[in-house]
Amino acid sequence: MKEVIKEAYIRKVSELFLWTDTRFTKAHQLYNKLGFTKQRTTRKLSDKSNTEEFCYRLSI
């Protein structure tokens, strides 16, 4: 993730978005530590696992 953020900065990308399964709590902790903020938006994938995802955003 740090390499992605670094590359985005080099390329003058102003923000990054990522989607993560609501069940991946350890990943959410990492994203928060890296400066991402959880957005209000969620999405359901309607797959066999009944996946629902959170959206995280990072301003660069």
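**A walk through the predicted chain**

Read along its sequence, the protein chain follows the pattern α-β-α-β-β. That comes to two helices and three strands. The model is a predicted one. Taken along the principal axes, the C-alpha atoms fill a box of roughly 40 × 20 × 20 Å. The chain has 60 residues, and buried residues make up 25% of them. About 4,800 Å² of the chain is exposed, with carbon and sulfur atoms supplying 50% of that area. Among contacts with a separation of 6 or more, 55% are between residues 24 or more positions apart.

The walk begins at helix H1, which covers residues 2-10 and includes Tyr-9. Tyr-9 has a relative accessible area of 63%, over the 50% cut-off, and therefore counts as exposed. Together with Ile-10, Val-13 and Ile-60, Tyr-9 forms a nonpolar patch on the surface. The accessible area of these four residues together is about 390 Å².

Next comes strand S1, residues 15-21, where Leu-18 is found. Leu-18 has a relative accessibility of 12%, and because the cut-off for buried is under 20%, Leu-18 counts as buried. Leaving aside residues up to four places away in sequence, Leu-18 touches Met-1, Tyr-31, Phe-36, Phe-54, Cys-55 and Tyr-56. Leu-30 lies 12 residues from Leu-18 along the chain, and the C-alpha atoms of the two are separated by 13 Å.

Some of the residues that Leu-18 touches are aromatic, including Tyr-31, Phe-36 and Tyr-56. Tyr-31, Phe-36 and Tyr-56 form one aromatic cluster. The count of aromatic pairs comes to two. Another residue touched by Leu-18 is Phe-54. The charged end of Lys-38 sits over the ring of Phe-54, 4.0 Å from the ring centre.

Helix H2, residues 25-33, holds His-28. Is His-28 buried or exposed? With a relative accessibility of 7%, His-28 counts as buried. Beyond residues up to four places away in sequence, His-28 touches Thr-20, Asp-21, Thr-22, Phe-54 and Tyr-56. Phe-54 and Tyr-56 are thus touched by His-28 and also by Leu-18.

The charged residues come next. How many salt bridges does a search of the whole structure find? The search finds four. One of them joins Arg-57 to Glu-15, with the closest N and O atoms 2.7 Å apart. Arg-57 lies in strand S3 (residues 52-59) and Glu-15 in strand S1, so this pair ties together parts that are 42 residues apart in sequence. Both partners are partly exposed: Arg-57 has a relative accessible area of 26%, and Glu-15 has 29%.

A salt bridge also forms between Asp-21 and Arg-23, whose closest N and O atoms are 2.9 Å apart. Asp-21 is buried, at 8% relative accessible area, whereas Arg-23 counts as partly exposed at 47%.

Arg-43 and Glu-53 form a further salt bridge, the closest N and O atoms being 2.6 Å apart. Here distant parts of the chain are linked: Arg-43 is in strand S2 (residues 37-44) and Glu-53 in strand S3, 10 residues apart. Arg-43 is partly exposed, with a relative accessible area of 35%, while Glu-53 is buried at 11%. Arg-43 also lies over the face of Trp-19, at 4.0 Å from the ring centre. Arg-43 is thus placed in a salt bridge with Glu-53 and over the ring of Trp-19.

Technical notes. Residues numbered from 1 in each chain as written. Predicted model: local features only at pLDDT ≥ 70, side-chain atom pairs only at ≥ 80, totals over all residues. Heavy atoms only, no water. Helix = DSSP H or I, 4+ residues; strand = E, 2+ residues; numbered from the N terminus. Buried < 20%, exposed > 50% of the residue type's maximum accessible area, 1.4 Å probe, protein only. Contact = heavy atoms within 4.5 Å. Patch = residues over 30% accessible without salt bridge, like charges linked within 9 Å, V, L, I, M, F, W, Y side chains within 5 Å. Areas by Shrake-Rupley, 256 points an atom, 1.4 Å probe, with all protein chains shown as cover. Salt bridge = Lys/Arg side-chain N within 4 Å of Asp/Glu carboxyl O. Phe/Tyr/Trp six-rings, centres within 6.5 Å; stacked < 30°, edge-to-face > 60°. Lys NZ or Arg CZ within 6 Å of the ring centre and 35° of its normal.
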